[in-house]
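Biologist: I'm new to this one, so could you walk me through it and tell me how each label is earned?

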Amino acid sequence: MNKKKRLWFGFGAFVIAATVFVYWWFFSSPSSFPKQAEAVEGINQVFADAHASQIQDVIEVSERKRFVPFITDYANYGVSLWVWSRNEWKARNISMVGDPMLWKVEEGDPSSYHVFWNIHPDDAVEEIDFYLMRERGYHITNSVNETYQPGVQMKKSVTVADQSYGVLPLPEGWSHLMESFRNINQDNGGLFSSMSHHPYVRFGWRPLNSEEENIFPSKSVNGSSYSGGERLEHMILINPSDIEVPVDETS
Amino acid sequence: MWNLQFELIPTLFSIFAWGVILVIAHFLYIKQEINPTRWKAFIVLFIGVFSFSFSWLMDSTVMRFPILPLGVWIVYAALKNKEAKWPAYRRFAWLGFWSNFLFLATSLLSVYGQDLVYPPDQPSTYLADVTEASVVPSHPSAKEVALRDEALEDLSKWNQKAVNSVQWYKEGDLWEDPNKRDERFPYLLKDADSKWGSGADSQVYIEEDGKGLLITTMQEQYYYRTEQSVLVGELDE
């Protein structure tokens with residue numbers, strides 16, 4: 001009997017210790033971010049091709065996620081996304097170029113989404129216009145049931161002249177629009193579920209120089225990258241011909 | 001990710017269905033001569049519900065028509081070798097299976113009940129609470145406007161009109177200049193809440209003149225017009 005009692009006691013202690021350990025391992029609050037040299041090494045360890053040499057900044061996007069732009073040995077401007085996980089800061093996604101992407105920080109909650117970029121100074125980009133678009137459309141079923149999808153085009157401009165990198169939390173109107181699409185696109189037979197797959201909207205960016213002319217940012221696109229599980233969405237490079245302008249506006 | 005909204009009608013019907021089942025189970029228990037353990041009879045009842053069924057979607061509600069009583073078979077397989085166990089629990093297992101038909105009936109009723117209590121073609125179903133509502137410009141042809149105070153409080157003056165999708169799609173197209181384009185519905189209405197318990201999610205656009213509402217739900221799209229614009233600001237008539 002005594003032996004059994006002791007066995008139970010030991011088992012209980014083990015369960016408590018395991019719970020504490022698991023909690024500490026998975027849910028511990030983030031410690032301070034690694035110092036410069038350590039972070040550079042952290043990037044090169046995960047993705048040796050990156051050749052990171054200098055961290056430009058550490059930007060908080062959520063309690064356990066950081067955006068870390070960096071410069072490489074070959075003067076490339078790269079980006080890395082860090083996540084506090086299993087009790088350490090780890091570079092999850094790394095790219096050698098910094099063309100803008102959408103980071104679904106907490107997938108399913110558009111208000112947590114951020115756009116991030118690190119544009120090479122040689123590209124001489126002065127301003128970026130970001131776009132959220134949904135194509136205008138109509139749909140007729142059984143020749144009686146008509147639906148119309150209004151065209152959506154929302155714009156947000158940011159200046160990149162002073163600083164190569166940056167993050168932009170999704171503008172409030174954008175996240176509201178995305179949420180409203182989710183309302184009517186439920187996977188269990190929603191009205192538009194057959195028409196459009198998950199990305200209800202698309203994202204685009206348009207780099208402009210100081211003369212407000214469209215330019216091609218050749219040093220900020222087409223680089224190798226390492227993907228370690230963060231949910232990202234590409235942004236399309238927008239041409240002036242993709243953009244709708246109100247009829248009464250002269251431009 | 002999906003939104004889990006409270007739906008009153010299906011909730012009421014499931015509470016009702018389970019109430020009926022528990023009452024029947026209670027009378028079965030009293031009438032039966034060989035009494036099983038009460039809590040075990042409950043478990044057998046729940047296992048009995050498990051069945052192979054034919055299911056389909058009706059207005060985004062899942063309907064299940066039970067075909068094979070899998071749960072009953074499981075209970076039978078577990079109890080057949082034990083003396084007098086199966087006869088004691090048999091009825092509860094079958095009650096579990098038959099209750100699937102009750103669930104089917106209440107699912108059907110809740111679809112109709114939903115339409116009665118929350119008429120899907122009434123704007124008041126989707127715009128019951130507009131105290132927090134505001135306007136988001138969703139196209140460059142939108143003007144600097146705001147929602148007029150109490151504009152959406154009285155919804156009795158809105159009349160349903162046909163959705164002229166093809167016309168709306170084509171009307172704004174200036175063929176000589178494909179980039180110049182106005183949108184007929186350039187405003188998104190945000191933070192309008194549907195009626196309590198309806199679970200009626202929607203996407204609502206406002207027409208350029210402020211006198212039209214385009215409400216899209218998971219199943220259907222509705223278009224309403226009224227006399228007075230709901231927008232204030234630099235709106236040219």
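Modeller: Gladly! This is a predicted model, and a good place to start is a network of salt bridges that links B:E171, B:R184, B:E207, B:D209 and B:R225.

Biologist: How do you know that B:R184 and B:E207 form a salt bridge?

Modeller: Their closest N and O atoms are 2.8 Å apart. The cut-off is within 4 Å, for a side-chain nitrogen of Lys or Arg and a carboxyl oxygen of Asp or Glu, so the pair qualifies. Both B:R184 and B:E207 are buried.

Biologist: What makes that pair a tie between parts of the chain?

Modeller: B:R184 sits in the loop between α6 and β6 of chain B, while B:E207 sits in the loop between β7 (203-206) and β8 (212-216) of chain B, so the bridge ties together parts that are 23 residues apart in sequence.

Biologist: And where do B:R225 and B:D209 lie?

Modeller: B:R225 is in strand β9 (residues 221-225) of chain B, and B:D209 is in the loop between β7 and β8 of chain B, 16 residues apart. Their closest N and O atoms are 2.9 Å apart, which makes this a salt bridge too.

Biologist: Why is B:D209 called partly exposed?

Modeller: Its relative accessible area is 24%. Buried means under 20% and exposed means over 50%, so B:D209 falls in between.

Biologist: How many salt bridges are there over all chains?

Modeller: A search of the whole structure finds 15. One of particular interest pairs B:E183 with A:R136, at 2.7 Å from N to O. B:E183 is in the loop between α6 (165-171) and β6 (187-190) of chain B and A:R136 is in the loop between β8 (127-134) and β9 (137-141) of chain A, so this bridge joins two chains. Both B:E183 and A:R136 are buried.

Biologist: What makes up the negative surface patch?

Modeller: It is formed by B:D129, B:E132, B:D149, B:E150, B:E153, B:D191 and B:D193. Take B:D129, in the loop between α5 (123-126) and β3 (134-137) of chain B. Its relative accessibility is 33%, and patch members need over 30%, so B:D129 passes that test. The same 33% lies between the limits of 20% and 50%, so B:D129 counts as partly exposed.

Biologist: Which residues touch the most other members of the largest nonpolar core?

Modeller: Of its 35 residues, they are A:W117, A:I128, A:F130, A:L132, A:L177 and A:F203. The largest share, 4 residues, comes from α3(A). A second, separate core has 23 residues, including B:V135 and B:V230.

Key:
Residues are numbered from 1 along each chain as its sequence is written. Chains are lettered from A and ligands numbered from 1 in the order in which they are written. This is a predicted model: local features need pLDDT of at least 70, side-chain atom pairs count only at pLDDT 80 or more; totals for chains, interfaces and linings use all residues. Side-chain values use heavy atoms; hydrogens and water are left out. Patches are made of residues with over 30% relative accessible area and no salt bridge: like charges are joined within 9 Å, nonpolar side chains (Val, Leu, Ile, Met, Phe, Trp, Tyr) within 5 Å. Accessible areas come from the Shrake-Rupley method with a 1.4 Å probe; for residues, only the protein chains shown count as cover. Lys and Arg count as positive and Asp and Glu as negative; His and the chain ends are not counted. The place of a charge is taken as NZ of Lys, CZ of Arg, CG of Asp or CD of Glu. Buried means under 20% relative accessible area, exposed over 50%, partly exposed in between (1.4 Å probe, protein chains only). A nonpolar core is a set of buried Ala, Val, Leu, Ile, Met, Phe, Trp, Tyr and Cys residues joined through side-chain atoms within 4.5 Å.
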